[in-house]
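Thanks for making the time. I will go through the sheets, then the helix packing, then one charged pair.

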Amino acid sequence: MRITIAGAGVAGLTCAVEFAERGVSVEVLERADDIGARSCSWYAGGMLAPWCERVRAEPLVAALGEQSLQWWCERFPGTQQRGSLVIAHGGDAAELTRFARQTERFEWLDTEGIGAIEPQLSGRFGKALFFADEAHLDPRAALRFLAHRLDSLGGHIRFGSDGSQLPPASPIVDCTGLSAREALKDLRGVKGEMLVLRSREITLHRPVRVLHPRIPVYVVPRGDGVFMVGATMIESDDAERITARSMLELLSAAYALHPAFGEAEVIEIGTQVRPAFPDNLPRIRRRGERLYINGLFRHGFLLAPALARMAADIVCNDRCYPEVMDEDPRERRLA
Ligand SMILES: Cc1cc2nc3c(=O)[nH]c(=O)nc-3n(C[C@H](O)[C@H](O)[C@H](O)COP(=O)(O)OP(=O)(O)OC[C@H]3O[C@@H](n4cnc5c(N)ncnc54)[C@H](O)[C@@H]3O)c2cc1C
């Protein structure tokens, strides 16, 4: 069996690996010249946090996220399962209680407990929530790993190709993110802005989320003194520029987490647009010979492996997953 996958973001590459592991011959078409150059996946925080995300997302996200977490742990050696920490400054302490009410699988930590797992935050916060089972990874390293894994399984990525030369009836799994909007009319963009900072003075061992009623921000350690600070959520398709306000808010949150971030180098400023459906849940949709995997919103790394498994089951074993396979009758007519 052969399959063509369009798009080498996290959805396309997890799918490619999943198919290849089942013995399918896989070719990935990527319109950019390299991994990541034009993908949303390149700019992600890489948090694999099903129970923290449960606060904003439907239970389906946590359920698929838990499956994906295991997929990453079994394959990608860079998956760091050290949990995540959620904190709030004194005036926002009620936010922590609200957060705790909406989720599960955490323990409360006091000042000592926080200092025990993150010594550099010792004495800075009175209370925190610790989600011990959560994990994080470096998205760029993960994408490169998936490309190598695909290669070792005999698969191939063709860069600089958008599939326009394929015969129209070729079977394709379409993982082109926001570019699939022509076919998936209800797909929208949600802009995310992020910074990468470098500081030799700070060590964190896990992602730290700083709760705030208006701008919740997180800091994800990437090792070697590098930290990703993210991310805004703006209803916009514009991936061109970060605003001064967003930059101020991200930097202020990092500085409030630890004042040494005030001396950090800003080594990257990034913006990208997350592909999302109106309910912010992912979908697998079939249109003729094309299967679309899309709408990963703020959960691409958290959800892609579970969706890839479903897609491979749909194609190879004719299975059906109603929880992600909605059909919009208007779109079916257009197909
Ligand atoms: C700032 C930020 C922080 C985030 N943090 C997290 C996080 O911590 N955890 C998490 O799980 N998720 C996070 N996300 C969300 C995650 O990044 C997205 O959900 C995910 O990247 C979407 O992946 P995708 O593969 O669907 O799309 P993309 O990554 O955009 O990939 C689509 C690919 O298709 C290619 N393409 C487009 N059109 C064609 C075509 N016609 N032919 C061939 N190729 C084509 C593109 O070049 C691209 O490489 C974050 C997002 C942002 C912006």
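**Two sheets and the helices on them**

Let me start with a single pair of residues: A6 stands opposite D174 in β9. What you have on screen is a predicted model. The strand that pairs with β9 here is β1, residues 2-6, while β9 covers residues 172-174; the two run parallel and are joined by 3 bridges.

Now the sheet around that pair. It is an open sheet of 6 strands with mixed pairing, and the order is β8-β2-β1-β9-β16-β15. At the edges are β8, residues 156-159, and β15, residues 283-287, each of which pairs on one side only. From one strand to the next the twist averages 20°.

Which helix packs on this sheet? That is α1, residues 10-21, and the strands it touches are β1, β2, β8, β9 and β16. For the residue ranges, β2 is 25-30 and β16 is 290-294. The direction of α1 makes about 170° with that of β1.

Next, the helix contacts of α1. As a reminder, two packed helices are described by the angle between their axes and the distance between the axes.

Take α6 to begin with, residues 139-152. It packs with α1 at an angle of about 30°, and the axes are 9 Å apart. Angles under 35 degrees count as roughly parallel, so α1 is roughly parallel to α6. The crossing of these two helices is left-handed. On the α1 side the residues are V10, L13, T14, A16, V17, A20 and E21, and they meet L143, L146, R149 and L150 in α6. By class, the contact of α1 with α6 has 8 nonpolar residues, 1 polar and 2 charged.

Then α3, residues 59-75. At what angle do α1 and α3 pack? The angle is about 65°, with the axes 13 Å apart. The two helices are therefore roughly perpendicular to each other. Here too α1 makes a left-handed crossing, this one with α3. V10, T14, V17, E18 and E21 in α1 meet W71, W72 and R75 in α3. That contact of α1 with α3 divides into 4 nonpolar, 1 polar and 3 charged residues.

On to the other sheet. This one is open as well, with 8 strands in the order β5-β6-β4-β11-β12-β13-β10-β14, and its pairing is mixed. The edges are β5, residues 107-110, and β14, residues 265-276; each has a single partner strand, so one side of each is left without a neighbour in the sheet. The twist in this sheet averages 25° from one strand to the next.

Inside it, β11, residues 208-211, and β12, residues 217-223, run antiparallel and are joined by 3 bridges. One position to look at is V208, which stands opposite V219 in β12.

A helix lies across this sheet too: α7, residues 244-257. The strands under α7 are β4, β10, β11, β12, β13 and β14, and the helix runs at about 45° to β10.

Last, the charged pairs. How many salt bridges does a search of the whole structure find? The search finds 22. One salt bridge is formed by the side chains of D313 and R22, at 2.7 Å, N to O. This pair links distant parts of the chain, 291 residues apart: D313 sits in helix α8, residues 300-317, and R22 in the loop between α1 and β2.

How values were computed:
Residues numbered from 1 in each chain as written. Predicted model: local features only at pLDDT ≥ 70, side-chain atom pairs only at ≥ 80, totals over all residues. Heavy atoms only, no water. Pairing = 2+ DSSP bridges. Helix = DSSP H or I, 4+ residues; strand = E, 2+ residues; numbered from the N terminus. Axes fitted to C-alpha atoms, helices over the stretch in contact; angles between N-to-C directions. Contact = heavy atoms within 4.5 Å. Parallel < 35°, antiparallel > 145°, perpendicular 65-115°, else oblique. Left-handed = near helix turned anticlockwise from the far one by under 90°. Nonpolar A, V, L, I, M, F, W, Y, C, P; charged D, E, K, R; others polar. Salt bridge = Lys/Arg side-chain N within 4 Å of Asp/Glu carboxyl O.
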